[in-house]
Amino acid sequence: MTSPVTREPAVTVRVFTQRFSSTPRGARLARRLALHQLDRWHLPYDSETSDTVGLLVAELAANAVTHGRVPGRDFELTLAYAPGLRLRIDVSDTRSERRPTPVAVGPLDEGGRGLLLVEALASRWAVLDRVPVGKTVRAELDFGS
């Protein structure tokens with residue numbers, strides 16, 4: 001007896017990867033180019049998805065520049081979009097020893113809320129080792145069902 005073959009529809013994953021200088025200017029450029037790329041993938045500016053991705057990229061890039069910076073080394077942004085399924089945001093830097101963790105902050109504290117924002121907006125997020133050196137902070141957004 002043979003079982004019927006179930007065919008899954010083919011999914012084309014679109015990928016954008018770019019390195020940026022580990023400076024505040026590089027972080028701003030990463031956000032702008034991410035939003036431009038989303039628009040090219042028919043996720044228009046000022047849509048809910050575009051706004052969410054803009055916030056996530058801004059926070060992860062700012063963290064890479066602030067906490068993951070190694071002089072003379074860039075950080076890298078990768079977007080991987082499977083239409084109708086998910087969008088993955090990876091921001092990689094070359095500092096392995098400084099791993100981000102959300103912390104409790106008081107109402108008057110001026111910083112420390114970035115990863116809480118990532119946690120609230122992303123479907124899931126994680127910190128991954130990067131070979132040969134560094135780390136990648138990944139945030140994913142699920143679409144549809």
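Two residues are in contact when heavy atoms of each lie within 4.5 Å. By that criterion, V57 touches A30, R31, A34, L77, L79 and I89, leaving aside residues up to four places away in sequence. The model is predicted, so local features need pLDDT of at least 70 and side-chain atom pairs pLDDT 80 or more, while totals for chains, interfaces and linings use all residues. Residues are numbered from 1 along each chain as its sequence is written, and side-chain values use heavy atoms, without hydrogens and water.

The largest nonpolar core (buried Ala, Val, Leu, Ile, Met, Phe, Trp, Tyr and Cys residues joined through side-chain atoms within 4.5 Å) has 29 residues, of which V57, F75, L77, L79, L87 and I89 touch the most other members. Buried denotes under 20% relative accessible area (1.4 Å probe, protein chains only). The elements below, which are DSSP runs numbered from the N terminus (helices H or I, at least four residues; strands E, at least two), each supply at least two core residues.

| Helices | Strands |
|---|---|
| α1 (24–40) | β1 (14–20) |
| α2 (48–67) | β2 (75–82) |
| α3 (114–121) | β3 (86–93) |
| – | β5 (135–142) |

The largest share, seven residues, comes from α2.

In α3, G114, L115 and V118 are buried. Seen down the helix axis, the buried residues of α3 fall within an arc of 95° (taken from the directions from the axis to the C-beta atoms), and therefore line one face of the helix. Their cover includes α2, β4 (124–129) and β5.

The contact between α2 and α3 is made by T52, L55, L56, E59, L60 and N63 of α2 and by G114, L115, V118 and L121 of α3.

Notes: Buried < 20%, exposed > 50% of the residue type's maximum accessible area, 1.4 Å probe, protein only.
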